[in-house]
Amino acid sequence: MSDRDIALTVKNLKVHFGGKKSIFGRKSNTVHAVDGVCFEVPAGTTFGIVGESGSGKSTTALAIMRLVHITHGEVTLRDTVLSALEGETLRDARSRFQIVFQDPYSSLNPRMRAGALVREPLDLMNIGTPQEREAKVAELFRQVGLRPEQRVLFPHQFSGGQRQRLGLARALSTRPELVVCDEPVSALDVAIQAQILNLMGDLQKKLGLTYLFISHDLGVVQHICDTVAVMYLGQIVEVADRVSLFTNPRHPYTKALLGAVPSVYGNKRDRRNRVRLQGDPPSPINLPKGCRFASRCPVAEQQCKEAPPMLETHSDGHKVACFLSDRDLSQ
Amino acid sequence: MSDINTQTKDIIDIQATSSLREMTTMFFRNYAAVAGLILLITILLFVFVGPLVHTTDPFEMVWAPFTMPMQEGFILGTDYLGRDILSAMMAGGQVSLAIGLAAALVSIIIGVSVGAFAGYYGGLVEELLMRFTEFFQVLPTLLFSMVIVALFGASLLTVTLAIGVVSWTAVARVTRSEFLRIREMEYVAAARSGSARDLYLIFKVILPNALPPIVVQANLMVGSAILFEAALSFLGLSDPNVMSWGQVIGSNRPYILDAGFAVAIPGFAIFLTVLAISLVGDGLNDALNPKLRQR
Amino acid sequence: MSDPLLAVSDLVVDFKTRAGNARVLDHISLSVNEGEILGIVGESGCGKSMTALSIMGLIPDPPGKITSGSIKLSGQELVGMGVDDLCKIRGKDIGMIFQEPMTSLNPVFTVGEQIAESVRLHEGASAKAAHARAVDMLEAVEIPEAATRAHAYPYQLSGGMRQRVMIAMALACRPRVLIADEPTTALDTTVQAQIFDLLQNLQDEMGTAIIMITHDMGAIAELADNVAVMYAGSIVEMGKVDNVLSHPDHTYTKGLIACVPHLSTSPGPVRERLMEIEGVVPALTDLGKGCAFAPRCNAVLPRCSSDKPELIATQENHLAACWAAEAEMAE
Ligand SMILES: Nc1ncnc2c1ncn2[C@@H]1O[C@H](COP(=O)(O)OP(=O)(O)OP(=O)(O)O)[C@@H](O)[C@H]1O
Ligand SMILES: Nc1ncnc2c1ncn2[C@@H]1O[C@H](COP(=O)(O)OP(=O)(O)O)[C@@H](O)[C@H]1O
Ligand code: SF4
Ligand code: SF4
Ligand SMILES: [Mg+2]
Ligand SMILES: [Mg+2]
């Protein structure tokens with residue numbers, strides 16, 4: 001795979017909610033859910049986004065999927081500028097990018113049978129003859145480890161793991177180039193999570209899929225992603241390839257995040273010795289004018305509160321948005 | 001062990017594959033629904049087949065006024081003009097049921113469309129549609145329907161339309177709130193990313209999931225339409241040439257202390273009808289829900 | 001060793017379901033001493049919450065029922081105790097924190113009122129004293145500006161703060177035992193770390209015994225002293241945390257540890273497949289007579305499907321119920 005074969009490009013993506021006046025007065029506050037996100041995903045690789053709740057991971061995913069309004073910026077899949085598509089051209093392009101959701105209970109229409117659910121995108125986009133679609137559904141069921149006879153069951157008759165397999169089968173039905181996975185294993189038990197992660201890895205190899213993989217679980221992200229971006233309050237604060245991010249995290253937030261994950265190999269003493277982040281993330285409504293992490297950052301300085309740091313590329317390929325990213329922050 | 005078990009469970013489920021058959025089975029397993037259905041069929045037979053057997057003209061004065069039920073051969077007695085109440089119940093039932101169902105249908109069609117579009121599109125569309133709904137809601141309904149009837153004349157059609165037009169707002173509100181809730185569900189986003197069009201999302205994805213409270217509302221609608229027609233005819237605004245349960249109540253109401261039965265009988269009939277319809281509606285609701293169906 | 005503070009022995013809980021009798025807890029025995037943290041892990045549906053609810057006397061009856069066994073709080077039998085006496089103990093001697101802080105707080109009362117209410121109920125304190133205690137407790141759980149926040153409604157607080165309020169409420173009457181049922185599952189990693197610290201500090205200060213239910217092996221490693229691993233309503237392995245995690249004897253425990261993608265600070269460049277535990281947790285209504293884990297076990301022996309293994313001491317302070325472990329020990 002050459003480095004230059006970029007499947008997905010996101011340029012300065014912004015998604016703001018609210019802030020519009022309704023016709024009868026009331027102006028609501030603007031939520032800066034995603035605020036200037038840039039990244040590239042090489043074809044056939046997995047790009048991970050981690051971050052705490054409310055950091056804008058799902059909103060980024062939905063914007064790329066064209067499921068929320070894009071306030072600003074550009075999303076490009078190969079040569080197609082997805083963010084510029086409208087109406088029928090957008091509908092036609094949808095076969096090329098699909099999504100798997102977090103909650104296997106609310107992401108499948110409870111009134112449709114499993115087979116119809118997996119077939120729905122094919123039906124809607126008129127792909128193949130009805131017989132071909134049926135055959136395709138059977139094949140997809142086998143591919144994700146379900147039995148084709150289970151097509152006639154309703155979603156509630158499946159276990160959580162099986163439902164996530166259904167979600168995957170449905171997303172793969174149109175043979176997409178890009179699969180956006182928004183916390184696909186967060187609602188699953190550890191044992192089932194391992195099954196689904198392995199399945200996703202296998203499918204990627206077999207079908208050459210490109211994944212955008214969102215999770216708040218660093219262990220999972222480390223396991224499945226080639227490149228990892230860390231988000232905080234609508235912005236990417238650090239991006240690096242898998243090995244370098246976890247061996248040499250540079251942003252104070254990344255470090256804190258890594259430090260907060262309890263390890264099976266740890267013990268009570270390890271936990272006590274960790275640096276702790278205090279407080280909760282500030283709200284995405286009233287953003288500080290300097291670094292967004294400054295209110296919780298253990299090493300913040302005066303300059304951090306005055307202007308926002310830019311995402312800059314370092315010699316080791318790390319991109320970090322922090323004025324002090326070159327300093328050793330462990331003291 | 002567990003594997004074998006889940007497999008056998010699947011196979012059992014797979015055999016019962018036809019939705020229609022499953023639904024029928026589910027419906028008939030629900031005793032309350034079956035009782036409701038039997039009651040409803042009985043009412044329909046009484047109203048539509050009854051007149052073939054019992055041929056007395058409901059408008060004809062046949063005996064002394066206020067003959068008690070079961071006396072002088074009048075099973076349900078006679079009214080204040082000495083007309084046979086049994087005949088009136090049969091003839092009036094045809095009209096009341098027809099008006100009830102038709103008016104409910106009208107209000108559901110209007111209410112569901114308004115509520116669905118408001119809930120689905122949100123924003124300006126919603127704001128306009130809901131103001132429109134509020135406008136109808138604050139109108140004094142009886143007065144408004146009187147105006148319609150007065151303007152277009154008192155025929156069954158105008159009465160039905162008038163009732164439908166004034167009573168759809170409740171349906172619209174229920175539909176809208178269900179749509180607001182369901183449109184945020186991930187399966188709707190999933191369908192959209194499967195390139196579904198708006199109308200598909202509204203009618204194929206969201207509406208089926210929004211049905212239960214709408215069906216309940218529809219049940220209430222039938223009952224209230226029958227009562228509404230009663231109120232209109234009490235005011236002399238319904239078609240005077242036809243008999244209805246409401247008319248029987250309305251015309252005998254002044255004499256309620258002397259001959260309570262003449263009011264109680266049609267009242268009871270309305271109650272039974274509403275009960276039967278809501279039992280059947282509940283049963284249908286459950287039968288349409290795959291989650292309940294396969295337990 | 002003196003008598004344990006809380007001792008559960010041979011507890012059996014049955015649920016009547018449509019599919020037949022479900023033995024939700026099958027001869028559970030465990031104990032906690034003052035100042036100790038006992039972790040309970042396992043996949044969902046294996047009886048962790050039921051264990052907690054039985055101790056609280058909150059098993060929904062019907063359909064559930066404590067069939068046999070005993071639960072003793074410093075020698076006092078709780079099974080079969082009258083509702084009124086139980087109510088006094090619940091909240092006063094045993095406190096509980098639930099998984100979802102939003103649904104377990106009453107949305108129409110301020111958090112201060114809710115804590116004060118429980119103090120008044122159990123200690124008969126005056127309204128003023130109870131309010132003062134509420135503010136103290138909010139301070140103890142490190143809520144900034146506790147006196148003001150006491151007047152906040154639950155929806156005005158973040159998830160982490162709500163969970164702190166739950167903890168404050170559970171601890172307001174200084175219970176001797178605190179049961180925490182997945183207290184951080186709904187929270188972010190950095191907030192989870194704060195809550196763990198808080199639990200640990202409170203325990204150090206007050207000597208509370210804690211039963212900590214989770215599905216996160218890492219959390220167990222870093223917080224608990226002892227751990228019980230549950231599967232299909234039984235405890236399958238139990239012992240000192242470090243020992244159980246570093247030398248698990250039961251195949252299920254081994255699988256649970258191996259199938260989690262562990263966060264490493266020096267990940268290798270290649271993504272390996274995860275260890276998988278195949279299949280799903282069986283339905284409790286049709287457990288066979290052998291080991292409940294047998295259909296998913298990769299070390300299964302002939303006798304596993306016919307005889308149910310009992311917990312036996314496989315190492316010092318370490319019990320496991322597994323024929324393979326027993327065979328290994330015999331060698
Ligand atoms: N439709 C909306 N209207 C207003 N605000 C919204 C909307 N959708 C999301 N937000 C806000 O945007 C921010 C980012 O939300 P998002 O769902 O992307 O977070 P996330 O990183 O996926 O979090 P989680 O880990 O909880 O899924 C949050 O502050 C959220 O409250
Ligand atoms: N009200 C109930 N009726 C029947 N079974 C129940 C009920 N509540 C819980 N159970 C069953 O009890 C078992 C244990 O549940 P629980 O203790 O909640 O599991 P967890 O380990 O996830 O906390 C599960 O199989 C569950 O299905
Ligand atoms: S820029 Fe300053 S406040 Fe922001 S992360 Fe870096 S050191 Fe902390
Ligand atoms: S008893 Fe047998 S089946 Fe059960 S865990 Fe041990 S080896 Fe596996
Ligand atoms: Mg999200
Ligand atoms: Mg639980």
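Two strands count as paired here if DSSP finds at least two bridges between them. In this predicted model, strand S4 (residues 64-73) of chain C and S5(C) pair in the antiparallel sense, with two bridges between them. Within that pair, Lys72(C) sits opposite Glu77(C), a residue of S5(C). Zooming out a little, both strands belong to an open sheet of four strands in chain C, ordered S2-S1-S4-S5 and paired in antiparallel fashion. S2 and strand S5 (76-77) of chain C are the edge strands, each pairing on one side only. A helix goes with this sheet too: H1(C) lies across S1, S2 and S4 of chain C and runs at about 70 degrees to S2(C).

That corner of chain C is also where ligand 2 comes in. There are 15 residues around ligand 2, and the closest are Val24(C), Ser44(C), Lys48(C), Ser49(C) and Met50(C). Strand S1 (6-17), strand S2 (20-32) and helix H1 (48-56) of chain C each put at least two residues into the shell. H1(C) has the largest share of the shell around ligand 2, at three residues. Sorted by class, the shell around ligand 2 holds eight nonpolar residues, six polar ones and one charged one.

Ligand 3 has its own surroundings, in chain A. What classes of residue make up the shell around ligand 3? The tally is 12 nonpolar residues, with no polar and no charged ones. Cysteines turn up in this shell as Cys291(A), Cys297(A), Cys304(A) and Cys322(A). Also around ligand 3 are Pro252(A), Phe293(A), Ala294(A), Val299(A), Ala300(A), Pro309(A), Phe323(A) and Leu324(A).

Chain A has an open four-stranded sheet as well, this one in the order S4-S1-S6-S7, again with antiparallel pairing. Strand S4 (31-42) and strand S7 (80-81) of chain A are at its edges with a single partner strand each, so one side of each has no neighbour in the sheet. Further in, strand S1 (residues 6-17) of chain A and S6(A) are joined in the antiparallel sense by five bridges. Leu8(A) has Leu77(A) as its bridge partner in S6(A).

Val68(A) lies just before S6(A) in the chain, in the loop between helix H1 (57-64) and strand S6 (72-77) of chain A. Is Val68(A) buried, exposed or partly exposed? It is partly exposed, because 18 other C-beta atoms lie within 10 Å of Val68(A), and being buried would take 20 or more. Leaving aside residues up to four places away in sequence, Val68(A) touches Val15(A), Thr59(A), Leu62(A) and Ala63(A). Pro176(A) is 108 residues away from Val68(A) along the chain, with 20 Å between their C-alpha atoms.

Elsewhere in chain A, S8(A) and strand S9 (residues 178-182) run parallel, joined by four bridges. Phe97(A) is bridged to Leu178(A) in S9(A). In a regular strand, side chains alternate between the two faces of the sheet. Strand S8 (residues 97-100) of chain A shows Phe97(A) and Ile99(A) pointing one way and Gln98(A) and Val100(A) the other, and all of them are buried.

How do chains A and C meet? The contact draws 39 residues from chain A and 42 residues from chain C. On the chain A side, helix H6 (190-207), helix H7 (218-224), helix H8 (242-247), helix H9 (252-260) and helix H10 (268-273) each supply at least two residues. H6(A) gives the most to the side of chain A that touches chain C, with seven residues. By class, that side of chain A splits into 17 nonpolar, 14 polar and eight charged residues.

The largest nonpolar core has 275 residues, and those touching the most other members are Val180(A), Leu212(A), Val230(A), Ala168(C), Ile179(C) and Ile211(C). Helix H4 (residues 85-121) of chain B gives the most to this core, with 19 residues. Not counting residues up to four places away in sequence, Ile179(C) touches Ala52(C), Ile55(C), Met56(C), Ile94(C), Met96(C) and Ile211(C).

Chain B also offers Glu134(B), which lies in helix H5 (residues 123-138). With 13 other C-beta atoms within 10 Å, Glu134(B) is partly exposed. Glu134(B) and Pro213(B) are 79 residues apart in sequence, and their C-alpha atoms are 20 Å apart in space.

Key. Residues are numbered from 1 along each chain as its sequence is written. Chains are lettered from A and ligands numbered from 1 in the order in which they are written. This is a predicted model: local features need pLDDT of at least 70, side-chain atom pairs count only at pLDDT 80 or more; totals for chains, interfaces and linings use all residues. A residue is near a molecule or strand if its C-beta atom, placed from the backbone, lies within 6 Å of it. Ala, Val, Leu, Ile, Met, Phe, Trp, Tyr, Cys and Pro count as nonpolar, Asp, Glu, Lys and Arg as charged, and the others, Gly among them, as polar. Two residues are in contact if their C-beta atoms, placed from the backbone, lie within 7 Å. Axes are lines fitted to C-alpha atoms, for helices over the stretch in contact, and angles run from 0 to 180 degrees between N-to-C directions. A residue is buried if 20 or more other C-beta atoms lie within 10 Å of its own, exposed if 12 or fewer, and partly exposed in between; C-beta atoms are placed from the backbone. A nonpolar core is a set of buried Ala, Val, Leu, Ile, Met, Phe, Trp, Tyr and Cys residues joined through C-beta atoms within 7 Å.
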